Amino acid sequence: MESVGTLPPDALSRAVVEIEKHVSSAGWDQPAQLFALVPTAELLRAEPQLAAELGAEDASQPLTPVAQGELPGGVDDDNLANTLGRIEWPDGVAGCAVAIERIVLPAAAESGLSSVESDAELARLAGSDPRRHEVRMVAAVLREGGHFGAVRLRAHDEASAVLTGVDLVPTLCEVLSLTFEPSVGSRSGTGSAVDGDDEEKRP
């Protein structure tokens, strides 16, 4: 397999933008979704028929996102870390990405909820707080290092308002990196669903 080091510097950021655009095309209130990132050139060489099915007809997009489906359980940090920590990728996967929706509160509002013990009650209070912001976050990491993220606010739901950057969602990227740590957990291979602009191929 071609080394991940041969990927262009913007390969990960381009994959994040593609995933964010694809997920956003289906609207809001979606479950957490996981994607494998496969080098397009290697996919075209080894599996040309699969590459065509995934919409990766050429290597103009260095990484091809392959949808793995919804993530089970909640999307809070603990549940997400536990779920991702049980995943192991095949060698052909160069990276992975996750798209999740969250409710974000200002620091002052969060401090007022520190005494709430029930997760259900915390979610209810956060969801009814007028200061809340609903956001979609996409985080991606490479097996050999490197991470990138994107954030879209529901209140500013335009492609031109999407924020992107290396340090935008560091905690989510750190949790996502768990999938490339040695583990004795269950193994997860690449799925058959595809990320892309073709509506027929949505995960």
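Glu18 is buried (under 20% relative accessible area with a 1.4 Å probe, protein chains only), yet Glu18 has no salt bridge, meaning a side-chain nitrogen of Lys or Arg within 4 Å of a carboxyl oxygen of Asp or Glu. The nearest side chain of opposite charge, Arg14, is 7.6 Å away; here Lys and Arg count as positive and Asp and Glu as negative, while His and the chain ends are not counted. This is a predicted model, where local features need pLDDT of at least 70, side-chain atom pairs count only at pLDDT 80 or more, and totals for chains, interfaces and linings use all residues. Residues are numbered from 1 along each chain as its sequence is written, and side-chain values use heavy atoms, with hydrogens and water left out.

**Glu18 and its helix**
- Glu18 sits in helix α1; helices are DSSP runs of H or I with at least four residues, strands are runs of E with at least two, and both are numbered from the N terminus.
- Helix α1 covers residues 11-24 and has 14 residues.
- Of those 14 residues, 11 are buried, so α1 is largely enclosed by the rest of the structure.
- Among the buried residues of α1 are Leu12, Val16, Ile19 and Val23.
- These buried residues pack against strands β1 (33-39), β2 (63-70), β3 (95-104), β4 (133-142) and β5 (147-153).

**The whole chain**
- The protein chain has 7 helices and 6 strands.
- Along the sequence, their pattern is α-β-α-α-β-α-β-α-α-β-β-β-α.
- Buried residues make up 40% of the chain's 203 residues.

How values were computed. Expected span 1.5 Å × (residues − 1). Buried < 20%, exposed > 50% of the residue type's maximum accessible area, 1.4 Å probe, protein only. Contact = heavy atoms within 4.5 Å.
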